[in-house]
Amino acid sequence: MLQMKKLWRLPAIAIFAVLRLIKQNKWWLPAIAIFAVFPLIEKNPEYQTIAFYTLIFMAASTSWNMFSGYSGYVALGSGAFYGTGAYTMALASIHWHMAAGAAMFWLVPLGGLLATLIAIPIGWIALRVRRHTFVVITIAIFFVFQLFAINMSFTGGTAGLNLPFITWNNSYYDIPFYYIAFAIVLFAVVLSASVRRSRFGLQLLAIRDDEDRALGLGVKVSAVKLTGFAMSAFAIGMCGALYAMFQGQIYPQFVFDPLFDISIALMAFLGGFGTLLGPLLGALVLESMQQYLTVTYSSGSLYLILFGALFLIVILFMPQGVVVYLRDRWTKKEERERAAVIANEVAFAGDSA
Amino acid sequence: MTTLINAQGVSKAFGGVQALNDCSLEVEKGSITGLIGPNGSGKTTLFNVMTGYVKPDAGTVFFDGSNITNARPDAVFELGIGRTFQLTRIFSRISVLENMLVATQRDDSWLRGLTRSMSSKEEVASAMEWLDFVGISQLARLQAGALSYGQRKLLELAYVLVADPAVILLDEPAGGVNLTLINGIAEKIRTLNAAGKTFLIVEHNMEFVMSLCTSVTVMHQGTDLVTGPPDSVRANPLVLDAYLGGGDDDEPAEDVING
């Protein structure tokens with residue numbers, strides 16, 4: 001009996017170990033381990049599909065946050081990159097008569113590349129204005145793209161496009177997609193982390209705090225903003241391409257979806273705008289919850305009620321997002337106390353100078 | 001002495017307000033030039049024109065022989081003119097040290113910023129040196145938003161200095177700062193000037209200006225009224241008139257002149 005009681009403690013010990021890693025800023029270690037083995041343990045294709053969509057949104061939200069979160073330019077038209085990636089995948093695989101199968105995965109980076117190319121003129125126009133105007137312009141440009149997709153002949157119009165059907169064994173259907181999506185998440189996270197550590201990332205943060213002051217300190221703000229904007233489109237385009245491949249058919253209203261724009265932004269805000277972990281956490285919670293509720297209760301809108309409640313709680317109690325809230329709780333408190341002491345010392349030193 | 005900054009006939013109107021009207025100013029190399037005048041006389045607008053934040057309607061600005069009349073702020077900074085703002089502007093959500101590092105990039109093309117890390121050891125060392133110079137190096141790891149007003153002024157001065165500009169434009173360095181810190185700032189300016197830095201200072205604190213500056217220009221209604229050594233400017237009747245008669249002046253004149 002005693003042995004059994006001790007066994008019950010194991011999950012608690014594991015949870016504390018994970019929490020300690022997170023506190024040490026090594027949250028990615030347990031996270032990678034869990035995500036790497038998930039589809040091997042969870043064989044239910046329904047849950048694997050949920051996990052796949054969750055990964056797609058984790059990557060897209062991370063990539064979005066790499067520009068919008070760091071620079072403060074909230075872009076609400078990233079669905080244009082997602083759709084561009086999806087249509088690139090569809091059109092390329094159809095016109096190049098791709099043999100259905102693993103070879104199609106090579107088109108995923110092509111989707112990202114096209115999205116990046118598209119982002120350059122969009123950014124060139126939209127980044128001339130700031131704040132609210134920038135948000136509105138990105139939304140407007142997004143709808144231009146959606147209109148194109150609906151009305152042009154090469155996109156198949158409202159009927160969309162059918163991709164070559166992939167014919168590998170059903171029991172393994174989700175697994176390759178899962179791991180490619182996981183690779184895109186890793187790519188987006190590594191890119192976002194290295195941007196945060198680079199001189200370029202510092203310049204984005206300076207732009208967020210005071211763009212004109214940064215300009216006056218020699219920061220090439222236009223070039224830096226445009227580069228960041230285009231870079232963030234790459235992973236989002238790859239997500240779109242992978243989504244198209246996974247679905248096997250795409251419709252303009254689902255790949256150029258305004259809900260996508262809003263979702264990835266809300267995920268980042270929920271988790272922590274401008275932090276590395278925030279969009280990952282936000283997407284993990286929101287997307288998996290949405291998919292789960294949709295699948296379980298076969299109601300496509302139930303999640304909206306829960307989202308509303310969740311956002312209310314976050315906005316009321318942790319307006320900077322969950323990650324910033326927790327980090328403040330864990331580390332900043334003692335730091336702030338120390339800072340107050342230092343500030344006092346400086347004040348005294350200043351008086352005696 | 002060579003002229004480092006030479007602004008000639010600069011005019012600028014904002015709608016119906018003629019902020020600058022045929023204003024000229026010369027800053028000699030190695031000098032500490034003071035720029036005084038009643039509120040609304042165009043001092044800050046002249047700063048903005050010289051640093052590229054505002055495009056003038058007429059006139060030219062030369063820096064060390066090159067025309068910077070319509071240059072952008074980043075280009076002006078790269079040439080060697082650093083400035084502070086009247087309302088202190090720092091990057092409040094990054095650390096004090098990171099604030100310094102934003103300015104230490106003059107030799108880089110911006111593209112290199114993509115591949116290189118935020119800072120080299122030398123850059124951090126030099127940033128810490130300048131923070132130490134202004135006396136806030138112990139705050140380096142703190143988020144800059146947590147600094148007090150005086151500390152922000154010092155940080156702004158430090159991150160302009162870290163880029164090693166030839167001329168430093170200070171917009172009211174003594175504004176809203178206690179007397180001890182004002183003397184401290186004046187001392188720093190003297191030290192730097194002795195090391196060869198040129199200063200152009202906008203300031204309302206007359207004691208500060210008169211004790212520090214080698215040359216003073218008085219502005220009135222958008223134009224340069226009088227230029228000369230502090231003592232002759234103080235005695236000039238035109239200057240008294242400007243302060244007493246200025247309709248846009250909201251400070252008592254004697255207080256301003258006598259400090």
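User: Before we look at B:Val10, what makes two strands count as paired?

Analyst: Two strands pair if DSSP finds at least two bridges between them. Strands themselves are DSSP runs (E, at least two residues), and helices are runs of H or I with at least four residues, numbered from the N terminus. With that in hand, B:Val10 stands opposite B:Cys23 in S2(B).

User: Thanks! Anything I should know about the model and the numbering?

Analyst: The model is predicted: local features need pLDDT of at least 70, side-chain atom pairs count only at pLDDT 80 or more, and totals for chains, interfaces and linings use all residues. Residues are numbered from 1 along each chain as its sequence is written, while chains are lettered from A and ligands numbered from 1 in the order in which they are written.

User: Back to B:Val10's neighbourhood. How many bridges join S1 and S2 of chain B?

Analyst: Eight bridges join strand S1 (residues 3–14) of chain B to S2(B), and the two run antiparallel. They belong to an open sheet of four strands in chain B, with the order S2-S1-S4-S5 and antiparallel pairing. Strand S2 (17–28) and strand S5 (66–67) of chain B are the edge strands, each pairing on one side only.

User: What packs on that sheet?

Analyst: Helix H1 (residues 43–50) of chain B does, touching S1, S2 and strand S4 (58–63) of chain B. Touching means contact: C-beta atoms, placed from the backbone, within 7 Å. The direction of H1 makes about 115° with that of S1(B); such angles run from 0 to 180 degrees between N-to-C directions, with axes fitted to C-alpha atoms, for helices over the stretch in contact.

User: I'm curious about B:Phe63. Is it buried or exposed?

Analyst: B:Phe63, found in strand S4 of chain B, is buried because 22 other C-beta atoms lie within 10 Å. The cut-offs are 20 or more for buried, 12 or fewer for exposed, and partly exposed in between, with C-beta atoms placed from the backbone.

User: Which residues does B:Phe63 touch?

Analyst: Leaving out residues up to four places away in sequence, B:Phe63 touches B:Leu4, B:Ile5, B:Ile68, B:Leu79 and B:Ile81.

User: Switching topic: is there a hairpin made by S9 and S10 of chain B, or what do they form?

Analyst: S9(B) and S10(B) form a hairpin with two residues between them, and B:Gln221 in the turn has a positive phi of about 50°. Strand S9 (residues 215–220) and strand S10 (residues 223–228) of chain B pair in the antiparallel sense over five bridges. B:His220 stands opposite B:Thr223 in S10(B).

User: And the contact between the chains: how many residues does each give?

Analyst: Chain A gives 28 residues and chain B gives 34 residues. On the chain A side, helix H8 (199–216), helix H9 (221–247) and helix H14 (322–352) each supply at least two residues. H8(A) gives the most, with twelve residues.

User: How do H7 and H9 of chain A sit together?

Analyst: The axes of helix H7 (residues 174–197) of chain A and H9(A) come within 10 Å and cross at roughly 175°. H7(A) and H9(A) are therefore roughly antiparallel to each other, a label for angles over 145 degrees. Residues making the contact include A:Phe177 and A:Ile180 of H7(A), and A:Leu242 and A:Phe246 of H9(A).

User: Last one: how many helices and strands does chain B have?

Analyst: Chain B has eleven helices and ten strands. Of its 259 residues, 46% count as buried.

How values were computed
Contact = placed C-beta atoms within 7 Å. Parallel < 35°, antiparallel > 145°, perpendicular 65-115°, else oblique.
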